[in-house]
Amino acid sequence: MNPMNKFQAQFEALRQRTPALRSEGVAARRARLQKLSSWLHAHRTEIQQALYADFRKPATETDLTEIWTSLVELKHTSSHLKKWMAPRKVGASMALLGTRSWVQVEPKGVVLIIAPWNYPFYLAVGPLISAIAAGNAVVIKPAEQTPATSALLRRLCEDLFRPDEVLLLEGDKEVATELLKLPWDHIFFTGSPAVGKIVMRAAAEHLSGLTLELGGKNPAVVDETADLRDAAEKIVWGKFLNNGQTCVAPDYLLVQESVQPALLTELTDAIQRAYNPDGAGIEQSDSLARIVNAQHFARLAGLLEDAQTKGATVAAGGTVDETQNYIEPTILTNVPATARVLEEEIFGPLLPVLTFKTLRETAEYVNARLKPLAQYVFSTSAENRRYLLENVSAGGAGVNETVLHFAHPELPTGGVGNSGLGKAHGHAGFLAFSNEKGVLRQRVGFTGIKAMYPPYTGRVKQLVALLVKYL
Ligand SMILES: NC(=O)c1ccc[n+]([C@@H]2O[C@H](COP(=O)([O-])OP(=O)(O)OC[C@H]3O[C@@H](n4cnc5c(N)ncnc54)[C@H](O)[C@@H]3O)[C@@H](O)[C@H]2O)c1
């Protein structure tokens, strides 16, 4: 017999709470969201301090990418919740005339959220908002690599929720493994594709619902019609925000050959303007986060060394400082296809730049690889933009922009294939944590449909044949 799961008692308590949660109306759920919103405003400085302690994330970046993003999700969810919770009427088809049909949503029940370290606050709170808005009892397992944020998230949960409604359990993969053995009604996982596969296997054991928000190698295409200065500024922002540790950061560039030299100049200048405005050196910048820990520093330094050994050129940056987990924003050119930086998700401040002659080449290059989480297109040609959006498969896209599509609360966010399963944010996030129950109501005593019941006499056969014929 299996030994009792370490978290069984807490899981049972949450399960017992689900009938009360599912019967709550809009007002009670909104009140919970409102409490969360007030807590974020009241603890803004502590959130900034926690992220700074974890990987020297600049306070302004925390405001923008952890707090503001959470508040946007909260506000959007709160203001649309009544509509999302209301039954949605569906018209009757010809054969079902006389019936009434609608879709009504119900909470899935007890759900598990597993969060990563790169946006450790927002990527726990964002799915939490969707889960409680949909009426679920929730367990959050935050990332172990960002302990200050993890501890603060625990305080948030303890301050705001009963432990049988929202429970935060800190720990590493041992804790996650134990949790994954339980029969969750839904698992919402954000992290790497490798661990995503482990989570999917665990979900299969209980046929738990599943959302996988994973990563990938996101291409940014810059064609010869692009406004190069504008493109460079946006690429530099999206790439080096959080020091490159962003799931939707541009992973590598595909630049039309004729504009590569000019784009490289613009990229180098944009890096200097952003991170070295007074010439004191990029390492002194207080606008650049650090690599999260020594293990990821070593991984990235290894990627850089591997590329250089195989013949890549460092066109900008290249400095690393182990004592600070610091890696300078770095641009690589002449990168050989065998370099690991072109094979693995980089997830750090290294930017390989490849060139192409035709747009078709770029589509073929991307489509020959695992499907990315995001694609970016920089072009002033509507035809080129349309071509790339229609011919490259990716979870989401930004046109003449990076990263921002992720912050739009009503754009379904998530991957495709290797970059993820299911969508998050706004209505999509609410639906991920809900069951859409399709309901058909028949009039009592209505006999029409009974004309097709067995025994299948000649008359029944004729009637069914007519139905088939006229569809
Ligand atoms: N799609 C998105 O929205 C999104 C957002 C952020 C990050 N990501 C992706 O996340 C990855 C980086 O985050 P990470 O390094 O924290 O990912 P990770 O997969 O290593 O860890 C994520 C979470 O899974 C847990 N975990 C680790 N090993 C486990 C195991 N064997 N079994 C069960 N749980 C386990 C960790 O404790 C952590 O809470 C990147 O690939 C990035 O692209 C995706």
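## Two parallel strands and their sheet

Strand β9 (residues 252-256) runs parallel to strand β14 (residues 350-356), and four bridges join the two. One of the pairings matches Gln256 with Phe356 in β14. Keep in mind as you look around that this is a predicted model.

Step back and you will find these strands in an open sheet of seven, ordered β10-β13-β14-β9-β8-β15-β16, with mixed pairing. At the edges sit β10 (313-316) and β16 (396-399), each paired on one side only. From one strand to the next, the twist averages 25°.

## Helices on the sheet

Helix α12 (residues 359-367) packs on the sheet, where it touches β8 (219-222), β9 and β14. The direction of α12 makes about 160° with that of β9. Another helix to look for is α13 (residues 382-391), which lies across β8, β15 (374-378) and β16 and runs at about 165° to β15.

## A loop residue with many contacts

Glu345 is found in the loop between β13 (330-333) and β14. Its relative accessibility is 22%, so Glu345 counts as partly exposed. Apart from neighbours within four places in sequence, Glu345 is in contact with Gly215, Gly216, Lys217, Cys247, Asp251 and Arg299. Take Cys247: 98 residues separate it from Glu345 in sequence, yet their C-alpha atoms are 9.1 Å apart in space.

## Salt bridges

Side chains of opposite charge can pair when their charged atoms come close. In the whole structure, a search finds 24 salt bridges. One of them joins Glu12 to Arg15, with the closest N and O atoms 3.4 Å apart. Both residues lie in helix α1 (residues 8-22), three residues apart, or about one turn of the helix.

Helix α9 (residues 228-240) offers another example: Asp230 forms a salt bridge with Lys234, at 2.8 Å between the closest N and O atoms. About one helical turn separates Asp230 and Lys234, because they are four residues apart in α9. Glu233, also in α9, takes part in a link between distant parts of the chain, as its partner Arg273 is in helix α10 (residues 260-275), 40 residues apart. The N to O distance in this salt bridge is 2.9 Å. There is also a network of salt bridges, linking Arg17, Glu24, Arg32, Arg162, Asp164 and Glu165.

## A nonpolar patch

On the surface, Leu64, Trp68, Trp237 and Leu404 form a nonpolar patch, together giving about 380 Å² of accessible area. Of these, Trp68 lies in helix α4 (residues 59-85). With a relative accessible area of 43%, Trp68 is partly exposed.

Technical notes:
Residues are numbered from 1 along each chain as its sequence is written. This is a predicted model: local features need pLDDT of at least 70, side-chain atom pairs count only at pLDDT 80 or more; totals for chains, interfaces and linings use all residues. Side-chain values use heavy atoms; hydrogens and water are left out. Two strands pair if DSSP finds at least two bridges between them. Axes are lines fitted to C-alpha atoms, for helices over the stretch in contact, and angles run from 0 to 180 degrees between N-to-C directions. Contact means heavy atoms within 4.5 Å. Patches are made of residues with over 30% relative accessible area and no salt bridge: like charges are joined within 9 Å, nonpolar side chains (Val, Leu, Ile, Met, Phe, Trp, Tyr) within 5 Å. Accessible areas come from the Shrake-Rupley method with a 1.4 Å probe; for residues, only the protein chains shown count as cover. A salt bridge is a side-chain nitrogen of Lys or Arg within 4 Å of a carboxyl oxygen of Asp or Glu. Buried means under 20% relative accessible area, exposed over 50%, partly exposed in between (1.4 Å probe, protein chains only).
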